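Student: Please take a single part of this model and look at it closely, going through its contacts and then how that part sits within the rest of the chain. Give the cut-offs as you go.

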Amino acid sequence: MSSSTVLRELQRDFEAKSNDLSKLQKDIAKNHQVRKKYTIQLGENELVLKELDILNEDANVYKLIGPVLVKQDLAEANANVRKRIEYISAELKRLDGNLQDLEEKQNSKKEAMFKLQERIQSLQAGKAKA
């Protein structure tokens with residue numbers, strides 16, 4: 001196989017890896033957006049839990065369901081908020097694991113691209129000498 005054919009093949013491979021890297025970076029950005037949304041929700045729910053904790057046991061608690069406020073038991077409201085916090089925390093943990101995997105793949109792609117780029121440059125330098 002001629003060096004120009006090998007060079008073209010390496011350049012195609014480099015472009016494919018570049019596209020893969022771009023997709024990974026988009027996935028990482030999306031993960032950050034979702035994580036930000038869950039972090040905000042977690043903060044809001046923790047604030048609600050603090051508010052519920054300072055209420056007297058006989059206080060009236062209402063839950064917004066559609067356009068209607070429905071009376072809810074304080075213990076039930078407290079349990080619902082705690083479950084929501086537990087769910088959001090689990091989602092954040094899952095997103096963190098997913099993000100770590102994506103970042104490892106991204107670093108691996110970058111390393112492979114760097115090695116490929118070095119090969120391309122060495123082939124081009126050898127071709128220039130010939």
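Tutor: Ile85 is in contact with Leu42, Asn45, Glu46 and Leu49, once its neighbours within four places in sequence are set aside. Contact here means heavy atoms within 4.5 Å. The model is a predicted one, in which local features need pLDDT of at least 70, side-chain atom pairs count only at pLDDT 80 or more, and totals for chains, interfaces and linings use all residues. Residues are numbered from 1 along each chain as its sequence is written, and side-chain values use heavy atoms, with hydrogens and water left out.

Ile85 also belongs to the largest nonpolar core, a set of 12 residues: Tyr38, Leu42, Leu49, Leu52, Val61, Leu74, Ala77, Val81, Ile85, Ile88, Leu92 and Leu95. Such a core is a set of buried Ala, Val, Leu, Ile, Met, Phe, Trp, Tyr and Cys residues joined through side-chain atoms within 4.5 Å. Buried means under 20% relative accessible area, exposed over 50%, and partly exposed in between, with a 1.4 Å probe and protein chains only. In soluble globular proteins, nonpolar side chains tend to be buried together. Helix H1 (3-53) and helix H2 (74-129) are the elements that give two or more residues to this core. The most comes from H2, with 7 residues. Helices (H or I, at least four residues) and strands (E, at least two) are DSSP runs, numbered from the N terminus.

Val61, a member of that core, leads to the strands. Val61 stands opposite Gln72 in S2, and Tyr62 stands opposite Lys71 in S2. Strand S1 (residues 61-65) and strand S2 (residues 68-72) run antiparallel and are joined by 5 bridges; two strands pair if DSSP finds at least two bridges between them. S1 and S2 form a hairpin with 2 residues between them, and Gly66 in the turn has a positive phi of about 65 degrees.

Gln72 is part of strand S2. Gln72 counts as buried because its relative accessibility is 13%. Residues up to four places away in sequence not counted, Gln72 touches Val61, Tyr62, Lys63, Ala77 and Asn80. Of these, Val61 and Ala77 are also in the core.

Now consider other positions along H2. Ala75 lies in helix H2 and counts as exposed because its relative accessibility is 51%. The C-alpha atoms of Ala75 and Ala90 are separated by 22 Å, with the two positions 15 residues apart along the chain as the spacing. Asp101 is in helix H2 as well, and at 42% relative accessibility counts as partly exposed. From Asp101 to Asn78 the distance is 35 Å, C-alpha to C-alpha, and the two are 23 residues apart in sequence. Gln106, another residue of helix H2, is buried, with a relative accessible area of 12%. Neighbours within four places in sequence aside, Gln106 is in contact with Leu21, Leu24, Gln25 and Ile28.

Ile85 also marks the start of an annotated stretch. The UniProt record, an unreviewed entry, gives the annotation "coiled-coil region" for residues 85-119; UniProt positions are in the numbering used here, feature names are shortened, and annotations may be inferred rather than shown by experiment. In the model, residues 85-119 are 100% helix and 0% strand, and the end C-alpha atoms are 51 Å apart.

For the whole chain, the pattern along the sequence is α-β-β-α. The radius of gyration is 27 Å, well over the 14 Å that the globule rule gives for 130 residues, so the chain is more spread out than a compact globule. That radius is taken over C-alpha atoms, and the globule rule is 2.2 Å times the number of residues to the power 0.38. The C-alpha atoms fill a box of roughly 90 × 25 × 15 Å along the principal axes. Buried residues make up 22% of the 130 residues. Among contacts with a separation of 6 or more, 78% are between residues 24 or more positions apart.
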